[in-house]
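Please open the model in your viewer and keep the sequence panel beside it. The stops below are given in the order in which they are to be selected.

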Amino acid sequence: MFDTASPTNSLRSVVLARAEGGGDPTPALHPGETVLTLGSGAGTLCFRASQVVGPTGWVIGIEPDDGLLAIARRHARAVARRLGYANVEFRKASPCDLRLDREWLDRLLREHPIGAQADIVRLEVSIATSCRVLPLVSDDSVDAVVSNCVSPLVEPEDMQRLAREIFRVLRPDGRAIITELSRDEIFVAPDHVNVARRDELFRLRLAEAGFRELRIDRPEPSRRGLPGIEPRTVTVTAYKHSRRVRQCGVTAPGAALGA
C-alpha cells in the first residue's frame with residue numbers, strides 16, 4: 001500500500017545524523033492516524049510515519065530548532081512528490097510546551113521589540129491569550145505521540161511538564177510510544193536521597209501524568225556500547241486510559257485517576 005523504499009535515502013548523511021537514536025516507533029502506528037512527533041529534527045521519523053499512516057493520516061513534527069525545521073520542510077516537498085501525497089507538517093515548539101507557537105512568538109517579538117517593563121507585561125498577556133485561544137496543539141487532538149531519543153534532551157526537572165503535555169494532546173484512546181537508548185545514567189533527587197535512572201524517572205512522570213498500562217519492550221542490544229556498558233533499545237508504550245475505557249470509546253469520569 002505504501003512506498004517500501006526508505007523515504008530518507010536521498011537525504012544527506014549530515015541530516016540523518018540527528019535521527020540516530022533509540023529505534024523506530026513507527027511500526028506501532030496505524031493507517032489513518034494523526035501522529036505527533038516530538039523532537040522531529042530533520043524529519044526522518046516523520047517521513048517514516050507518513051508512509052505508515054498513509055494519505056488518510058496526518059503527521060505533525062515538533063522541533064524548536066530553526067535550522068532543522070528548514071531542512072525538514074525542504075525535504076518534505078521531495079518526500080511528498082515521491083509518495084504522491086503530502087501528509088506531514090512541521091511546527092516550531094518546545095516538546096514541554098505544545099501550546100505556544102514559537103514562530104508566532106518570533107514574529108511578535110520582531111514586530112514589537114521589548115524596550116520597557118510595560119512591553120514585557122503586554123508580551124506575557126499576549127502569550128497567555130494565544131496559548132488559551134489558539135494553542136499550537138489542541139487538547140485531545142492526536143492518536144499517538146512518538147519520539148526517538150527525545151527524553152534525554154529534556155532536563156529531569158522538565159520531565160513532568162513533558163509528560164503532562166503528551167497526556168493533554170492525546171485523544172482518550174491515544175497512546176505515547178517513546179523509543180530511546182537505556183543507559184545506566186543516575187539522577188539524584190533534590191533531597192539527595194532518592195535516585196533513579198533517566199528512563200525510570202520518565203516512566204514515573206508518565207504515570208504521575210495519568211497514563212495507564214505502561215508497557216516496556218527491551219529487545220537485545222542493537223549496537224555495541226562502551227566497554228562495560230550495554231545500551232539497549234527501550235520502547236515505552238503508555239496509554240492515556242485503561243483498556244476498559246478505550247474499548248467503551250468514551251472517557252469515564254475519573255478514568256485518568258483510577259487503574
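A cavity, in the sense used on this tour, is a set of points on a 1 Å grid over the protein atoms alone where a 1.4 Å probe fits but cannot get out. With that meaning, a search of the whole structure, which is a predicted model, finds one cavity of 30 Å³ or more.

**The whole chain**

Begin with the protein chain in cartoon form, where eight helices and nine strands can be traced. The chain has 259 residues, and 47% of them count as buried. Colour the surface by element if your viewer allows it: about 13500 Å² is exposed, and carbon and sulfur atoms supply 54% of that area. If you draw the contacts whose separation is 6 or more, 73% of them turn out to join residues 24 or more positions apart.

**Colour by confidence**

Next, colour by pLDDT, which averages 80 over the protein chain, with 71% of the residues scoring at least 70. Select residues 222-229, where pLDDT stays under 50 and the model has six contacts beyond four places in sequence. Then select residues 250-259, another stretch in which pLDDT stays under 50, here with 15 contacts beyond four places in sequence. Where pLDDT is low, the predicted coordinates should not be read in detail.

**The cavity and its lining**

Which residues line the largest cavity? Select Ile178, Glu180, Asp199, Phe202, Arg203, Val234 and Val236, and the lining is on screen. The volume enclosed is about 40 Å³. By class, the lining has four nonpolar and three charged residues, with no polar residue among them. Showing the secondary structure around this selection, you will find that β5 (170-182), α7 (198-209) and β9 (232-239) each supply at least two lining residues, and that α7 gives the most, with three.

Stay on α7 and pick Arg203, which lies in this helix. Is Arg203 buried or exposed? Arg203 counts as buried, because its relative accessibility is 14% and the cut-off for buried is under 20%. Leaving aside neighbours within four places in sequence, Arg203 is in contact with Leu214, Ile216, Arg218 and Val236; of these partners, Val236 has already appeared in the cavity lining.

**Helix α2 and strand β2**

Move now to helix α2, residues 44-53, which is mostly covered, since eight of its 10 residues are buried. The buried positions are Thr44, Leu45, Cys46, Phe47, Ala49, Ser50, Gln51 and Val53. Just after the helix comes Gly54, with a positive phi near 70°.

From there select Val59, in strand β2 (residues 58-62). Val59 is buried, with a relative accessible area of 0%. What surrounds Val59, once its neighbours within four places in sequence are set aside? Its contacts are Val35, Thr37, Cys46, Ala49, Ser50, Val53, Asn87, Val88 and Glu89, and Cys46, Ala49, Ser50 and Val53 will be recognised as buried residues of α2. For a distance label, join the C-alpha atoms of Val59 and Ala49, which are 10 residues apart in sequence and 7.0 Å apart in space.

**A buried loop residue**

Continue to Val154, in the loop between β4 (142-148) and α6 (159-169). Although placed in a loop, Val154 is buried, with a relative accessible area of 7%. Add Cys96 to the selection: the two residues are separated by 58 residues in sequence, while their C-alpha atoms are 8.4 Å apart.

**Two backbone angles to check**

Finally, turn to the backbone torsions and select Asp140, which has a positive phi of about 50° although it is not a glycine. Asp140 belongs to the loop between α5 (117-133) and β4, and it is partly exposed, with a relative accessible area of 41%.

The last selection is Glu213, likewise not a glycine but with a positive phi, here about 55°. Where does Glu213 sit? Glu213 is in strand β8, residues 212-217, and its relative accessible area of 30% makes it partly exposed.

Definitions and conventions. Residues numbered from 1 in each chain as written. Predicted model: local features only at pLDDT ≥ 70, side-chain atom pairs only at ≥ 80, totals over all residues. Heavy atoms only, no water. Helix = DSSP H or I, 4+ residues; strand = E, 2+ residues; numbered from the N terminus. Buried < 20%, exposed > 50% of the residue type's maximum accessible area, 1.4 Å probe, protein only. Contact = heavy atoms within 4.5 Å. Areas by Shrake-Rupley, 256 points an atom, 1.4 Å probe, with all protein chains shown as cover. pLDDT = per-residue confidence, 0-100. 1 Å grid on protein atoms, 1.4 Å probe; cavity = no way out; pocket = protein on both sides within 12 Å on 5 of 7 lines; lining within 4 Å. Points joined across faces, edges and corners; volume = space filled by probe spheres on them. Nonpolar A, V, L, I, M, F, W, Y, C, P; charged D, E, K, R; others polar.
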